[in-house]
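Reader: Could you walk me through this structure, one feature at a time? I would like to learn how to read each one.

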Amino acid sequence: MDLTSTVIIPLLFGSLGIFALFRLLQWMRMRAYLQEAVVVITGATSGLGKECAKAFHAAGSKLVLCGRDSEKLKDLVQQLSTMTNHRKNTHKPHTVVFDLSDTKTVLNAAEEILKYLGHVDILINNAGISFRGTIVDTGLDVDKKVMETNYFGPIALTKALLPSMIKRRQGHIVAISSVQGKISIPFRSAYAASKHATQAFFDCLRAEVEQYDIDVTVISPGYIQTNLSLNAVTADGSRYGVMDKNTAEGQTAAEVAQVVLNAVGQKKKEVLVAGLTPSLAVYLRNIFPRLFFTLMATRAKKERKEKDS
Ligand SMILES: NC(=O)C1=CN([C@@H]2O[C@H](COP(=O)(O)OP(=O)(O)OC[C@H]3O[C@@H](n4cnc5c(N)ncnc54)[C@H](OP(=O)(O)O)[C@@H]3O)[C@@H](O)[C@H]2O)C=CC1
Ligand SMILES: CCCCCCCCCCCCCCCC(=O)OCC(=O)COP(=O)(O)O
């Protein structure tokens with residue numbers, strides 16, 4: 001008896017068929033979940049937020065696009081309306097203008113969103129700023145600004161929308177963190193601190209709200225080709241204004257937005273979206289912390305030397 005033709009090949013094709021069917025069912029469930037869902041995206045005016053807006057719009061979600069600049073939001077709505085490769089049943093997005101570092105405007109925005117749309121299915125806390133500077137030279141006002149934007153703003157918005165999700169026993173909260181929510185690299189203190197706080201807060205939230213059928217997804221990207229480094233704040237509060245090499249060579253925002261869409265659609269609890277070095281760095285930090293600390297100290301000395309020369 002030929003084992004290959006009677007057992008191995010049928011088994012192989014059978015497994016492939018089951019896998020294909022599983023993926024198809026997964027895709028159909030994801031499509032149904034995102035279609036018609038009310039999705040709030042912060043930081044929709046550029047980079048990853050803008051690409052998420054395009055991806056969720058194409059998936060048929062009802063978008064609430066948030067940002068500080070109403071003109072940029074209007075432009076995005078216009079751009080979405082002309083997108084050609086989307087399905088027929090897309091929706092005109094609603095826009096809300098507020099600054100995440102101003103709690104009062106965040107709370108007003110949440111009220112406006114609930115008043116206008118009645119409920120939120122998916123909140124994507126995406127907006128953020130980065131930081132470049134030495135700890136010794138950085139004023140506390142700069143640390144606070146980064147924490148207000150990356151941590152207190154998103155948690156204020158989350159807390160404001162959470163009661164209505166609990167009441168409906170339905171909702172999904174997404175935090176765009178960073179690899180720097182898991183490891184700290186020198187001269188990024190305020191940013192890394194804000195992302196570690198984000199990771200911790202949303203991990204606690206996930207545990208607390210599972211009993212209400214609310215999902216929490218934390219996405220930790222590595223470098224993405226966006227304006228993040230250009231817009232980073234420095235030790236004296238001024239704009240960094242440099243497109244860092246790592247950022248310029250990172251993944252495209254559109255690629256990462258697809259990962260966000262799939263992670264949300266599949267209700268994943270967390271996703272690391274990074275290249276080999278950042279991914280290895282996360283493992284190294286946890287498995288061989290002393291080696292990781294030595295590498296970081298060497299990196300800090302090298303960067304300092306380069307800056308001083
Ligand atoms: N780029 C990267 O390498 C990585 C990015 N990330 C994270 O991805 C997220 C998106 O950043 P990215 O797209 O890269 O960067 P961008 O600078 O392109 O986008 C940042 C967005 O956040 C908004 N924003 C900044 N400050 C505030 C504020 N005070 N109130 C409201 N909105 C604000 C910006 O609005 P405005 O247009 O008004 O400035 C902009 O829409 C961030 O959380 C970032 O930390 C994570 C890992 C890597
Ligand atoms: C054999 C194992 C080798 C692993 C050693 C690696 C040590 C090198 C450290 C690498 C650090 C990577 C940091 C990645 C950080 C990252 O992806 O952050 C994403 C961001 O949020 C970008 O923000 P930024 O403003 O810092 O550009």
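Author: Gladly, and let us start where the two domains meet. In this predicted model, the interface of domain 1 and domain 2 has 1 residue pair in polar contact, with both residues at pLDDT 80 or more.

Reader: How many salt bridges does the rule find across the interface of domain 1 and domain 2?

Author: The count there is 0 salt bridges.

Reader: Where do domain 1 and domain 2 begin and end in the chain?

Author: The domain assignment gives residues 35-274 to domain 1 and residues 276-308 to domain 2. To the contact, domain 1 brings 11 residues and domain 2 brings 12 residues. Taken over C-alpha atoms, the two domain centres are 27 Å apart.

Reader: What area is buried between domain 1 and domain 2, and which atoms give it?

Author: About 1000 Å² is buried between them, and carbon and sulfur atoms give 72% of that area. On the domain 1 side, the residues that lose the most area to domain 2 are Ile183, Pro186 and Phe187, which together make up 43% of what that side buries.

Reader: Let us turn to salt bridges in general. How many does the structure hold?

Author: The structure holds 14 salt bridges. A helpful way to read one is to ask for its distance, then its place in the chain, then its exposure. Take Arg132 and Asp244, whose side chains meet at 2.6 Å, N to O. Arg132 belongs to strand β5 (residues 131-132) while Asp244 sits in the loop between β8 (233-234) and α7 (245-248), so this salt bridge ties together parts that are 112 residues apart in sequence.

Reader: Are Arg132 and Asp244 buried or exposed?

Author: Arg132 is buried because its relative accessible area is 12%, under the 20% cut-off. Asp244 is buried as well, at 15%.

Reader: Which salt bridges join residues within a helix?

Author: Let me show you two. Asp203 and Arg206 form a salt bridge of 2.9 Å, N to O. They are 3 residues apart in helix α6 (residues 189-209), so about one helical turn separates them. Asp203 is partly exposed at 30% relative accessible area, whereas Arg206 is buried at 14%.

Author: The other pair is Asp308 and Arg304, with a distance of 3.6 Å, N to O. Both belong to helix α10 (residues 289-308), 4 residues apart, or about one turn of the helix. Here Asp308 is exposed, with a relative accessible area of 57%, and Arg304 is partly exposed, at 32%.

Reader: How should I read the surroundings of a single residue, say His172?

Author: Begin with the element, then the exposure, then the neighbours. His172 is part of strand β6 (residues 171-176), and it counts as buried because its relative accessibility is 0%. Its side chain makes a polar contact of 2.7 Å with the side chain of Tyr33. Beyond residues up to four places away in sequence, His172 touches several others, including Asp121, Met165, Asp215 and Lys267.

Reader: Which strand holds Ser220, and what does Ser220 contact?

Author: Ser220 lies in strand β7 (residues 214-221) and is buried, with 1% relative accessibility. Leaving aside neighbours within four places in sequence, its contacts include Ser177, Lys182, Gln199 and Val273.

Reader: What does UniProt place at residues 6-25?

Author: The unreviewed UniProt entry places a "transmembrane region" there. In the model, residues 6-25 are 100% helix and 0% strand, and the end C-alpha atoms of that span lie 29 Å apart.

Technical notes
Residues numbered from 1 in each chain as written. Chains lettered and ligands numbered in written order. Predicted model: local features only at pLDDT ≥ 70, side-chain atom pairs only at ≥ 80, totals over all residues. Heavy atoms only, no water. Helix = DSSP H or I, 4+ residues; strand = E, 2+ residues; numbered from the N terminus. Buried < 20%, exposed > 50% of the residue type's maximum accessible area, 1.4 Å probe, protein only. Polar contact = N/O pair within 3.5 Å; in protein donor to acceptor, adjacent residues only side chain to side chain. Contact = heavy atoms within 4.5 Å. UniProt positions renumbered as here; feature names shortened; annotations may be inferred. Domains from an automatic or database assignment. Buried area = accessible area lost by both parts, 1.4 Å probe. Salt bridge = Lys/Arg side-chain N within 4 Å of Asp/Glu carboxyl O.
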